[in-house]
Amino acid sequence: MRLENKVAIITGSASGIGKAIATKYAAEGAKVVIADFNEEALHATVEAFKADQKDAFGVKVNVANEEDIQRMVDDTIAHYGRVDILVNCAGVLDNMQAAHNVEDAIWNRVMDINVGGVMRGVRKVLPYFQEQKSGTIINLASISGLQGGRGGFTYTAAKHAVAGMTKNVASHYGPLGIRCNAIAPAQVDTGMTQSTDGYDMFGLTQSVRGVKGLMHRVAQPEEIANIALFLASDESSYVNGVVLAADGGWSAY
Ligand SMILES: NC(=O)c1ccc[n+]([C@@H]2O[C@H](COP(=O)([O-])OP(=O)(O)OC[C@H]3O[C@@H](n4cnc5c(N)ncnc54)[C@H](O)[C@@H]3O)[C@@H](O)[C@H]2O)c1
């Protein structure tokens, strides 16, 4: 039980990578807060956890909304008395829009969720973490946060921002006993990557250039959750400020 009695908030945990992380954390003894925008999937996930005798609590949250983030953390503390781990997993794609095709609405939405959501979550939990002199934050970046040509323009900008925020928090708050790391997956088999409807085909073509034959397979969400478990547990006590590529060696080529 590597997370025994730890309280973990996981945004975007009603499906995909976030749900796999919540499942792994609960199996390791954590009390998990399922925080998601999709109310139906949120309730189904919480009920499934409870049916499996896992301690789970659901909060409907749009991470782009400051009041929702406040409520997510306040309700967690009211319910469980504390918070030890925040996983900023909620995120959306930009339909692979290349720079010359960026639509303002897509730019604003992706930035509000993928960047603003992380900022708001971090800003809210840090005072609690400082008070208890411990706490761990894990952000979902992407290989698009480490490399330039593997996503749309806005998503790439957003995930680079996530990598930067991760290092900034690690550097500023590490001396206070708080750690902040990020995971940078390539392609993971979730709802996010299962359709290319509405994609910018120029952006998509450019993004997969050179990938064929180099990425031997996509990842399963559980493989990303294993990393999130390591980063949340004391086993990674000396790891702070890393943006860990999880791409099967693809970017090492
Ligand atoms: N799937 C991939 O290939 C991949 C690769 C690299 C990084 N990532 C990142 O991993 C994270 C999770 O992706 P996924 O593949 O699990 O996606 P997903 O679409 O399967 O799940 C995302 C979840 O986040 C929720 N969500 C979306 N917007 C939200 C909001 N504003 N507020 C609260 N919840 C919201 C959705 O309801 C959904 O349950 C994202 O940050 C994504 O950018 C994914």
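Start the tour at the second largest pocket, where about 180 Å³ of space lies, and keep in mind throughout that the model on your screen is a predicted one. To see what surrounds this space, select K6, D84, I85, S134, G135, T136, G177, R179, A232, D234 and S237, which line the second largest pocket. If you colour these lining residues by character, they divide into two nonpolar, five polar and four charged.

Next, turn to the aromatic side chains, for the structure holds two aromatic pairs. Select F57 and Y80, whose rings form an edge-to-face pair, with 6.1 Å from centre to centre and 80° between the planes. F57 belongs to strand β3 (residues 56–60) and Y80 to helix α3 (residues 66–80), so this pair ties together parts that are 23 residues apart in sequence. Are these two residues, F57 and Y80, buried or exposed? Both F57 and Y80 are buried.

Now select W107 and F153, where the ring centres are 6.1 Å apart and the planes stand at 35°, so that this pair counts as tilted. W107 sits in helix α4 (residues 104–132) and F153 in helix α5 (residues 153–173), and the pair therefore ties together parts that are 46 residues apart in sequence. W107 counts as partly exposed, at 30% relative accessibility, and F153 is likewise partly exposed, with a relative accessible area of 42%.

Move on to helix α6 (residues 201–208), and select its buried residues, which are G203, L204 and S207. If you look down the axis of α6, these buried residues fall within an arc of 100°, so they line one face of the helix. At the N-terminal end of α6, add D200 to the selection, because this residue caps the helix, with a side-chain oxygen 3.0 Å from the backbone nitrogen of F202. Beyond α6 follows G210, and its phi is positive, near 85°.

The last stops concern the backbone, and it helps to know that most residues other than glycine have a negative phi. Select N5, which is not a glycine and yet has a positive phi of about 65°; N5 lies in the segment before β1 (7–11). Then select M96, which is not a glycine either and has a positive phi of about 60°. Where does M96 lie? The place of M96 is the loop between β4 (85–88) and α4, and M96 counts as buried, because its relative accessibility is 14% and buried means under 20%.

Methods. Residues numbered from 1 in each chain as written. Predicted model: local features only at pLDDT ≥ 70, side-chain atom pairs only at ≥ 80, totals over all residues. Heavy atoms only, no water. Buried < 20%, exposed > 50% of the residue type's maximum accessible area, 1.4 Å probe, protein only. Helix = DSSP H or I, 4+ residues; strand = E, 2+ residues; numbered from the N terminus. Arc of directions from axis to C-beta. Polar contact = N/O pair within 3.5 Å; in protein donor to acceptor, adjacent residues only side chain to side chain. 1 Å grid on protein atoms, 1.4 Å probe; cavity = no way out; pocket = protein on both sides within 12 Å on 5 of 7 lines; lining within 4 Å. Points joined across faces, edges and corners; volume = space filled by probe spheres on them. Nonpolar A, V, L, I, M, F, W, Y, C, P; charged D, E, K, R; others polar. Phe/Tyr/Trp six-rings, centres within 6.5 Å; stacked < 30°, edge-to-face > 60°.
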